[in-house]
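User: I am new to this structure and would like a close look at one part of it. Please take me through the metal site and what surrounds it, and then show me how the rest of the chain fits in.

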Amino acid sequence: MAKDKSFAAKIAKAAGAMASHCPVCGEIKSPLFVVDSIKNEEKGSYKYKEAFIPICKCNQNEVMS
Ligand SMILES: [Zn+2]
């Protein structure tokens, strides 16, 4: 359960940090949770990088394509 709690906290923190208006388009940015898989060429294994990307009209097309 500790993992779930930290995950929820991470989302809440990211959402708080990103709940701001974009100075360019004026939309409120909303966090999109993305996971990138990164291959380790030496081991042939994958690891995953989790990140939140703030989405607004400026970048939603390129991010969500
Ligand atoms: Zn914008």
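Analyst: Here is a walk from the whole chain to the metal site, then on to its surroundings and the aromatic rings.

Start with the frame. This is a predicted model. The chain has 65 residues, and 11% of them count as buried. Its secondary structure comes to two helices and two strands. Read from the N terminus, the order of elements is α-β-β-α. Among contacts between residues at least 6 apart in sequence, 35% join residues at least 24 apart.

Now the metal. Which residues hold the zinc ion? Its protein donors are Cys22, Cys25, Cys56 and Cys58, each through its SG atom. These atoms lie 2.3 to 2.5 Å from the zinc ion. What is the geometry of the site? It is tetrahedral, with angles of 106 to 112° among the four donor atoms. For comparison, the ideal angle for four tetrahedral donors is 109.5 degrees.

Look next at the spacing. Along the sequence the donor residues follow the pattern C-x2-C-x30-C-x1-C. Cys22 sits in the loop between helix H1 (2-18) and strand E1 (30-40). Cys58 sits in the loop between strand E2 (45-55) and helix H2 (60-63). The two are 36 residues apart in sequence, so this pair ties together distant parts of the chain.

Are the donors buried or exposed? Take three of them. Cys22 has 8% relative accessibility, so it counts as buried, the cut-off being under 20%. Cys25 has a relative accessible area of 29% and is partly exposed. Cys58, at 40% relative accessibility, also counts as partly exposed. As for cysteine pairs, the structure holds zero disulfides.

Stay with the loops around the zinc ion. Glu27 is placed in the loop between H1 and E1. At 34% relative accessibility, Glu27 counts as partly exposed. What does Glu27 contact, leaving aside its neighbours within four places in sequence? The list is Ser20, His21, Cys22, Cys56 and Lys57. Two of these residues, Cys22 and Cys56, are zinc donors. Glu27 and Lys57 are 30 residues apart in sequence. In space their C-alpha atoms are 6.9 Å apart.

The loop between E2 and H2 has its own residue to inspect. Asn59 is placed there. With a relative accessible area of 18%, Asn59 is buried. A polar atom of the Asn59 side chain lies 3.0 Å from the backbone oxygen of Pro54. Leaving aside neighbours within four places in sequence, Asn59 is in contact with Ile53 and Pro54.

Now leave the metal for the aromatic rings. How many aromatic pairs does a search of the whole structure find? It finds two. One of them joins Phe7 and Phe33. Their ring centres are 5.4 Å apart and their planes stand at 90°, so the pair is edge-to-face. Phe7 lies in helix H1 and Phe33 in strand E1, so the pair ties together parts that are 26 residues apart in sequence. Phe7 is partly exposed, with a relative accessible area of 34%. Phe33 is partly exposed too, at 31%.

Another pair joins Phe33 and Phe52. The ring centres of Phe33 and Phe52 are 5.0 Å apart, with planes at 50°, so this pair is tilted. Phe33 belongs to strand E1 and Phe52 to strand E2, so parts 19 residues apart in sequence are tied together. Phe52 counts as buried, at 18% relative accessibility. The ring pairs link Phe7, Phe33 and Phe52 into a cluster.

What else does Phe33 touch? Not counting residues up to four places away in sequence, Phe33 touches Phe7, Glu50, Ala51 and Phe52. Phe33 and Ala51 are 18 residues apart in sequence. Their C-alpha atoms are 6.0 Å apart in space.

Put the pieces side by side. At the zinc ion, Cys22 and Cys58 tie together the loop between H1 and E1 and the loop between E2 and H2. In the ring cluster, Phe7 and Phe33 tie helix H1 to strand E1. Phe33 and Phe52 then tie strand E1 to strand E2.

Note on methods: Residues numbered from 1 in each chain as written. Predicted model: local features only at pLDDT ≥ 70, side-chain atom pairs only at ≥ 80, totals over all residues. Heavy atoms only, no water. Donors = N, O, S within 2.8 Å, 3.2 Å for Na, K, Ca; no water. Tetrahedral: all angles 85-135°; square planar, octahedral: opposite > 155°, others 65-115°. Helix = DSSP H or I, 4+ residues; strand = E, 2+ residues; numbered from the N terminus. Buried < 20%, exposed > 50% of the residue type's maximum accessible area, 1.4 Å probe, protein only. Polar contact = N/O pair within 3.5 Å; in protein donor to acceptor, adjacent residues only side chain to side chain. Contact = heavy atoms within 4.5 Å. Phe/Tyr/Trp six-rings, centres within 6.5 Å; stacked < 30°, edge-to-face > 60°. Disulfide = S-S within 2.5 Å.
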